[in-house]
Amino acid sequence: MADKKPTKGSKQKGAPVSAGAGSRSLSSHLPPVVEPGYTMATVADKISEVVLTQNTPRGWYIGLAFSFALTMLLLVSITWLLVRGVGIWGINVPVAWAFAIINFVWWIGIGHAGTLISAILLLLRQDWRTSINRFAEAMTLFAVACAGLYPLLHMGRPWLAYWLFPYPNTMGMWPQFRSPLVWDVFAVTTYLLVSLMFWYIGLIPDLATLRDRSPSRTGRIVYGLLAMGWRGSARHWHRYEMTYLLLAGLSTPLVVSVHTIVSFDFAVAQVPGWHATVFPPYFVAGAVYAGFAMVVILAIPLRRFYGLQDFVTMRHLDHMARIMLATGLFVAYGYMIETFMAWYSGSVYESSLMNNRFTGPYAILYWSLLLFNVLIPQGLWFARVRSSTTALFMIAISVSIGMWLERFIIVVVSLHRDFLPSSWGMYYPTFWDWSMYLGSIGLFFSLLFLFLRFLPMISIFEMRTLLPESEVKEDLG
Amino acid sequence: MAQIFHPSTNTFSKVSIFGAVFLVGGLLWGLAVVNRSGYATQAGVAREQPVPFSHRHHSGELGLDCRYCHTSVEDSSSANIPPTQTCINCHAQIWADSPTLEPVRASYRSGESIQWVKVHDLPDFVYFDHSIHINKGIGCASCHGRVDEMNLVRQVSTLQMEWCVDCHRNPAAHVRPKEEVFNMSWFTQDQEALGARLVDEYHIESRDDCSVCHR
């Protein structure tokens with residue numbers, strides 16, 4: 001019976017969702033998180049309409065077709081890689097790590113904003129996270145999927161990837177637990193699994209809403225299976241809240257730990273430019289920086305295209321811009337300390353590395369990095385810039401490029417000239433390096449377009465808790 | 001709105017969630033078993049040879065020493081497959097007209113080697129050396145089994161790295177007095193004490209770093 005009156009019925013029990021009510025009064029001087037004039041039903045209408053409509057917008061088809069074409073390029077590149085081996089890339093001694101690792105770190109970093117939004121901001125009761133957490137979490141998953149491709153393909157024999165896991169194998173060997181590359185396996189796998197659970201559990205009440213609203217029988221069956229029998233009873237909500245909170249607690253350390261371990265891949269080695277104690281915090285800040293830039297890159301076109309300006313308001317964009325500014329300053333501090341330590345250490349290798357960054361063959365990339373990642377984002381100090389979607393979008397793009405360049409500098413520029421001048425060399429990306437990179441961007445956006453079409457991109461039931469209606473119930477209770 | 005799912009779906013879904021754990025666990029366990037079985041390792045499969053040479057007859061019943069044929073086992077990485085001339089030493093007079101031995105005589109006349117089928121075939125990236133094992137007191141039977149009881153030789157061990165490494169990590173469990181290396185039926189009740197003493201006496205190091213076998 002309970003599932004017959006889903007939209008309102010389920011929501012009355014849903015009132016205990018805590019993300020919203022408390023902090024709203026505190027931030028009353030800010031623009032609202034949801035524009036006024038919405039009710040429980042209209043919120044659900046507006047968000048579920050995107051999924052349940054029979055008329056898929058043409059723009060969606062164009063976007064998917066373009067991304068899918070790039071995904072095909074990825075498949076071609078992977079096939080050719082498996083046929084010919086990693087020699088099709090520009091890598092060789094001394095630069096044996098290049099695009100594969102750069103892109104791995106770049107994608108993993110992008111994922112971090114989703115986890116930060118869903119876990120830390122939930123625990124901190126930042127109600128504005130509600131309208132962006134769903135697609136930010138989806139972004140995390142897709143970014144981790146893209147990231148995971150690279151180390152596997154870089155191994156040369158990806159079909160033996162299961163050797164990375166400790167299991168009682170016929171070789172009588174365990175992985176080298178002293179290597180951060182093995183910690184990486186655990187960090188990334190945990191990250192993927194926890195993010196997936198977090199995202200899926202958050203979806204369950206909305207999947208039930210879609211099940212109940214779907215006009216087609218297929219839709220009801222598919223969403224019904226995915227909703228796992230959700231009826232919105234008080235017991236369901238109680239368990240849901242508990243699970244969600246526990247998962248948030250579980251995800252919180254992951255925001256910090258995953259990229260810390262990724263930074264250990266470098267920092268544990270002795271190569272000048274890698275061996276630095278500032279790496280873990282500097283990497284984590286860079287990850288959040290890049291991640292929020294990607295959320296902004298996605299949010300600005302999405303809210304316009306689907307007319308969701310009432311849900312993803314200027315206030316959200318403003319908050320995200322501030323976080324970008326703060327983390328961007330951490331990152332700039334990291335660059336500063338690297339340069340300072342190169343001088344202060346008195347090590348000839350460290351200082352020659354810095355010299356090489358400033359004036360070496362890749363110097364243009366280092367100066368572009370400072371431009372894209374440090375100089376341009378300073379615009380975010382100004383409220384006028386933060387309230388202009390165009391300016392924000394451009395700055396977010398600049399940060400994405402900058403963060404990619406940062407990883408290029410760390411990986412390639414450190415490796416290509418190490419201790420022995422006799423072993424110096426240059427790295428130039430090949431066509432297949434670029435095609436893999438573009439292809440993974442295509443994969444990311446293909447997954448994202450499918451997500452937008454088949455799942456609610458904003459959490460319906462959590463949005464309802466932000467409505468004035470939901471506050472009344474506390475008085476009744 | 002009618003119910004989409006029959007009430008029995010509840011039970012079904014609970015059982016399938018619970019069962020998935022056992023299903024995945026069982027599959028992994030099954031894989032591990034198959035991987036170590038004779039199906040994957042070819043252990044226990046007797047190989048047909050161009051001439052039905054019986055180790056049981058020559059080594060077990062007649063009592064030939066292993067080194068009569070496998071001459072280089074003490075000084076070389078390879079134990080050596082004997083040339084046809086070694087067979088002819090005896091078979092010029094014994095069973096000299098046997099039709100079974102015609103391929104041996106044909107090989108002797110023409111000088112073409114008999115193409116014996118290799119039973120213990122290690123991967124090419126493993127550098128195995130017989131001499132060091134023999135000289136440190138590892139008996140033939142420890143790896144090859146009771147060859148003196150086999151008509152056609154078969155592999156008794158998995159030859160998987162796990163099997164090599166087990167002994168390399170704890171040689172004391174398998175080492176024997178040097179004078180007993182070629183004794184197929186040697187056995188001691190007190191391997192533990194003897195092994196510990198011999199490891200000491202023969203200066204056997206427990207070596208399991210990669211480059212011992214992979215160079």
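In which helix of chain A does A:Ala65 lie? The answer is helix α4, which spans residues 58–84 of that chain. I should state at once that the model before you is predicted.

Let us stay with this residue for a moment. A:Ala65 counts as exposed because 11 other C-beta atoms lie within 10 Å, and the cut-off for an exposed residue is 12 or fewer. Its position also links distant parts of the sequence: A:Phe449 is 384 residues away along the chain, yet the two C-alpha atoms are 9.8 Å apart in space.

I turn now to the interior. The largest nonpolar core contains 124 residues, and among those with the most contacts inside it are A:Tyr289, A:Phe292 and A:Val296. The greatest contribution to this core comes from helix α10 of chain A, residues 279–305, which provides 17 residues. Consider A:Val296 as an example: beyond its neighbours within four places in sequence, A:Val296 is in contact with A:Leu317, A:Met320, A:Leu392, A:Phe393 and A:Ala396. Another core, of nine residues, lies apart from the largest one and includes B:Val73, B:Ile138, B:Cys140 and B:Val175.

That brings us to chain B. Its domain assignment gives domain 1 as 8–41, domain 2 as 55–81 + 118–212, and domain 3 as 83–115. Between the C-alpha centres of domain 1 and domain 3 of chain B there are 54 Å.

Finally, how do the chains meet? In this model, 12 residues of chain B are in contact with nine residues of chain A. On the chain B side, α1 (8–36) and α9 (161–169) each supply at least two residues. By class, that side comprises six nonpolar, three polar and three charged residues.

Note on methods
Residues are numbered from 1 along each chain as its sequence is written. Chains are lettered from A and ligands numbered from 1 in the order in which they are written. This is a predicted model: local features need pLDDT of at least 70, side-chain atom pairs count only at pLDDT 80 or more; totals for chains, interfaces and linings use all residues. Domain bounds come from an automatic or database domain assignment. Two residues are in contact if their C-beta atoms, placed from the backbone, lie within 7 Å. Helices (H or I, at least four residues) and strands (E, at least two) are DSSP runs, numbered from the N terminus. Ala, Val, Leu, Ile, Met, Phe, Trp, Tyr, Cys and Pro count as nonpolar, Asp, Glu, Lys and Arg as charged, and the others, Gly among them, as polar. A nonpolar core is a set of buried Ala, Val, Leu, Ile, Met, Phe, Trp, Tyr and Cys residues joined through C-beta atoms within 7 Å. A residue is buried if 20 or more other C-beta atoms lie within 10 Å of its own, exposed if 12 or fewer, and partly exposed in between; C-beta atoms are placed from the backbone.
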